[in-house]
Amino acid sequence: MRTGVRSLVLVVRFLLELALVAAVGWSAWMLSDGVWRWVLALAVPALVVVLWARYLSPKAAVELPPQARFALELLLFAVAAVFLSSAGASAAAATLAAVWVVHRVALALTDDVRSPLEG
């Protein structure tokens, strides 16, 4: 049963990653104008994807200590929530932050379980 819960937690994690990228892209679009709108709407999500892939993904090129990984992840989601709120999407910002917190708790509670999704 716990393996199924861990798998669900990992699926939510992936969906949160997608939501993070979408949130910063949409926010960059809404908070800028002119040619900068296009530049930032493409560059900011790309930066988030690069940071996630390099430091936070299961196959990250650079292995950070757990506290540093957590701090970077917290920073990315906090920035996304602030950007969403600044762009007028306060409910989306609060939802993203709340789901991330609940997800982190669930991830910690299932840390001792190995899911088939983890290889």
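Pro66 is exposed in the predicted model, with a relative accessible area of 62%. This value lies over the 50% limit, and Pro66 is therefore classed as exposed rather than partly exposed. The residue belongs to helix α3, an element that covers positions 66–86. Between Pro66 and Leu56 the C-alpha distance is 9.9 Å, at a sequence separation of ten residues. Leu56 takes part in the contact of α2 with α3, and is also touched by Leu76 and by Glu73.

The secondary structure consists of four helices and zero strands, and the order of elements from the N terminus is α-α-α-α. The C-alpha trace spans about 50 × 30 × 25 Å along its principal axes. Of the 119 residues in the protein, 30% are buried. Among contacts between residues at least 6 apart in sequence, 66% join residues at least 24 apart.

The largest nonpolar core contains 17 residues. Leu20, Trp52, Leu76, Phe77, Ala80, Leu84 and Leu96 have the most contacts inside this core. Two or more core residues come from each of α1 (2–30), α2 (34–56), α3 (66–86) and α4 (90–109). Helix α3 gives the most, with six residues. Leu76, one of the core residues with the most contacts, touches Leu20, Val48, Leu51, Trp52 and Leu56 when residues up to four places away in sequence are not counted. Leu20 and Trp52, both touched by Leu76, are likewise among the core residues with the most contacts.

The axes of α2 and α3 come within 11 Å and cross at roughly 165 degrees. This angle is over 145 degrees, so α2 and α3 are roughly antiparallel to each other. Their crossing is left-handed. On the α2 side the contact involves Val48, Leu51, Trp52, Tyr55 and Leu56, which meet Arg69, Leu72, Glu73, Leu76 and Phe77 of α3. By class, the residues of the contact of α2 with α3 comprise eight nonpolar, no polar and two charged.

For α3 and α4, the axes come within 7 Å and cross at roughly 160 degrees. With an angle over 145 degrees, α3 and α4 are therefore also roughly antiparallel to each other. The crossing of α3 and α4 is left-handed. Helix α3 enters this contact through Phe70, Glu73, Leu74, Phe77, Ala80, Ala81, Leu84 and Ser85, and helix α4 through Ser90, Ala92, Ala93, Leu96, Trp100 and Arg104. The residues of the contact of α3 with α4 divide into ten nonpolar, two polar and two charged. Glu73 and Phe77 of α3 appear in the contact with α2 and in the contact with α4.

Glu73, located in helix α3, has a relative accessible area of 2%. This is under the 20% limit, so Glu73 counts as buried. Not counting residues up to four places away in sequence, Glu73 touches Arg13, Trp52, Leu56, Trp100 and Arg104. Of these, Trp52 and Leu56 are on the α2 side of the contact of α2 with α3, while Trp100 and Arg104 are on the α4 side of the contact of α3 with α4. The C-alpha atoms of Glu73 and Leu18 are separated by 13 Å, with these positions 55 residues apart along the chain.

Leu74 is also in helix α3, but its relative accessible area is 38%, and it is partly exposed. Leu74 contributes to the contact with α4. Its C-alpha atom is 18 Å from that of Leu109, a residue 35 positions away in sequence.

Leu18 lies in helix α1 and is partly exposed, at 46% relative accessibility. Leu18 and Pro45 are 27 residues apart in sequence, and their C-alpha atoms are 10.0 Å apart.

His103 is placed in helix α4. Its relative accessibility is 4%, under the 20% limit, and His103 therefore counts as buried. Leaving aside neighbours within four places in sequence, His103 is in contact with Val9, Val12, Arg13 and Leu16. Arg13 is touched by Glu73 as well.

How values were computed: Residues numbered from 1 in each chain as written. Predicted model: local features only at pLDDT ≥ 70, side-chain atom pairs only at ≥ 80, totals over all residues. Heavy atoms only, no water. Core = buried A, V, L, I, M, F, W, Y, C linked by side-chain atoms within 4.5 Å. Buried < 20%, exposed > 50% of the residue type's maximum accessible area, 1.4 Å probe, protein only. Contact = heavy atoms within 4.5 Å. Axes fitted to C-alpha atoms, helices over the stretch in contact; angles between N-to-C directions. Parallel < 35°, antiparallel > 145°, perpendicular 65-115°, else oblique. Left-handed = near helix turned anticlockwise from the far one by under 90°. Nonpolar A, V, L, I, M, F, W, Y, C, P; charged D, E, K, R; others polar.
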